[in-house]
Amino acid sequence: MRGVVMYTAGDVRVEEREDPKIIEPTDAIVKLTATCICGSDLWPYRGIEPVDHTLMGHEYVGVVEEVGAEVKTVKPGDFVVGSFVISDNTCEICQAGFQSKCVHAEFVHAGIGTQAEKARIPLADGTLVATPGQPDPELIPALLAASDVLGTGWYAAVAAESGPGKTVAVVGDGAVGLMAVLAAKQLGAERIIAMSRHPERQKLARYYGATDIVEERGEEGIAKIRELTGGLGAHSVVEAVGTQESFMQAVGATRGGGHLGYVGVNYDVQIPGIQLFFAGIHTLGGPAPVRRFLPELIQLIWDKKIDPGKVFDLTLPLEQAPEGYKAMDERRATKVLLTL
């Protein structure tokens, strides 16, 4: 089969990879219908995260081709959406709603790599969720978004306690940030402030429910959020970037006693303890437990109540994945869908 391999930073290739096979009785083989490139894939692409002939991709939808003897919840022919973290969905931590920290957690990125024609998904019962039927082609992008960016944005909005009567500020206008705007709207937020300098992303943020756009960054961005909230700061803040500036901007934009949901994959972010201490805020984040939300998100998409698929603004065949990486790195694309 064909699949994406990142040899070193900036060196992305599509080449022949061995077809996956059932190894454990809890495995499933999925023939992928669509996959995509994530903003977090840019960390190794830019040399910030180590990479060496790494199998790329962790977002995926497709049709189950084969299952191991112990798989009970999905069967060959089912169309499935999977989380970007493998989980059994039965351990104590999974049952508490944090499947991304499952005792058997394994990232789909690197070890499995779903920017490919097929993938072996371990712990299929705990990781994959079947759709109510075979989806129409126009639903595929939206279902693919549920595999990571929608689920991650949703988790961030939930972690930030978004809801009725709340003002939500979203730091970051990439795919996850835009999905957090969508989630905050669905969760009933009264006001949603999207922090963005990119006209096309601002337009999409407004489509998904943003009521205000703030272009300022850093201390100026914090000041603007406080100006818009009577000097108090937002009740709920989502951090969806993962840089020093964005994280501290998110902390500063959160009112005392407010909630910060952080999901931006961060490297070298140093949080001054005294600053966090005196901020007096709740914080919750990390790798999103997408599996917790998948059934609900799939149903919302199936019923056409939400359309997260609009976050994909460039579609390329798998063979052109290197161009997709380049487009996202240069911010010519928010998120790239790869067709198979």
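Which residues line the largest cavity? Let's start there and work outward; keep in mind that this is a predicted model.

## The enclosed space

The lining of the largest cavity is made up of V170, G172, D173, G177, L178, V181, A194, M195 and A205. The volume comes to about 40 Å³, and the structure holds 1 cavity of 30 Å³ or more. Rolling a probe the size of a water molecule over the atoms is what shows where empty space is left.

Two elements, α7 (175-186) and β12, each put at least two residues into the lining of this cavity. Helix α7 gives the most, with 3 residues. Sorted by class, the cavity lining has 6 nonpolar, 2 polar and 1 charged residues.

## The six-stranded parallel sheet

Strand β12, just met at the cavity, also sits in an open sheet of 6 strands. The order there reads β13-β12-β11-β14-β15-β16, and the pairing is parallel. At the edges you'll find β13 (212-214) and β16 (282-285), each of which pairs on one side only. From one strand to the next, the twist averages 20°.

Take the β16 edge a bit further. Strand β15 (residues 254-262) pairs with β16 in the parallel sense, over 4 bridges. For a landmark in the viewer, look for G261, which stands opposite L284 in β16.

This sheet has a helix lying across it, too. Helix α10 (residues 244-253) lies across β11 (167-171), β12 (191-195), β14 (234-239) and β15. Relative to β15, α10 runs at about 145°.

## The three-stranded antiparallel sheet

There's another open sheet, this one of 3 strands, in the order β2-β1-β4 with antiparallel pairing. Its edge strands are β2 (11-16) and β4 (54-55), and each pairs on one side only. Strand β1 (residues 2-8) runs antiparallel to β4, and 2 bridges join them. One residue to click on is V5, whose bridge partner in β4 is L55.

Which helix packs on this sheet? Helix α13 (residues 321-329) does, touching β1 and β2. The direction of α13 makes about 155° with that of β2.

## A pair of crossing helices

Two packed helices are described by the angle between their axes and the distance between the axes. Here, helix α6 (residues 149-159) and helix α12 (residues 290-302) pack at an angle of about 110°, with axes 10 Å apart. That angle makes α6 roughly perpendicular to α12.

On the α6 side, the contact involves L150, G151, T152, W154, Y155 and V158. These meet V290, R292, F293, E296, L297, L300 and I301 in α12. By class, the residues of this contact split into 9 nonpolar, 2 polar and 2 charged.

## An open pocket

Back to empty space, this time of the open kind. The second largest pocket has a volume of about 220 Å³. Its lining counts 13 residues, and R17, P20, G111, I112 and R120 lie nearest the centre.

Which strand gives the most to that lining? Strand β9 (residues 118-121) does, with 3 residues. As for chemistry, the pocket lining divides into 6 nonpolar, 1 polar and 6 charged residues. Set that beside the lining of the largest cavity, with its 6 nonpolar, 2 polar and 1 charged residues.

Methods:
Residues are numbered from 1 along each chain as its sequence is written. This is a predicted model: local features need pLDDT of at least 70, side-chain atom pairs count only at pLDDT 80 or more; totals for chains, interfaces and linings use all residues. Side-chain values use heavy atoms; hydrogens and water are left out. Axes are lines fitted to C-alpha atoms, for helices over the stretch in contact, and angles run from 0 to 180 degrees between N-to-C directions. Angles under 35 degrees count as roughly parallel, over 145 as roughly antiparallel, 65 to 115 as roughly perpendicular and the rest as oblique. Contact means heavy atoms within 4.5 Å. Ala, Val, Leu, Ile, Met, Phe, Trp, Tyr, Cys and Pro count as nonpolar, Asp, Glu, Lys and Arg as charged, and the others, Gly among them, as polar. On a 1 Å grid over the protein atoms alone, a cavity is a set of points where a 1.4 Å probe fits but cannot get out, and a pocket is an open set with protein on both sides within 12 Å along at least five of seven lines; lining residues have an atom within 4 Å of a point. Grid points are joined across faces, edges and corners, and a volume is the space filled by probe spheres set on the points. Two strands pair if DSSP finds at least two bridges between them.
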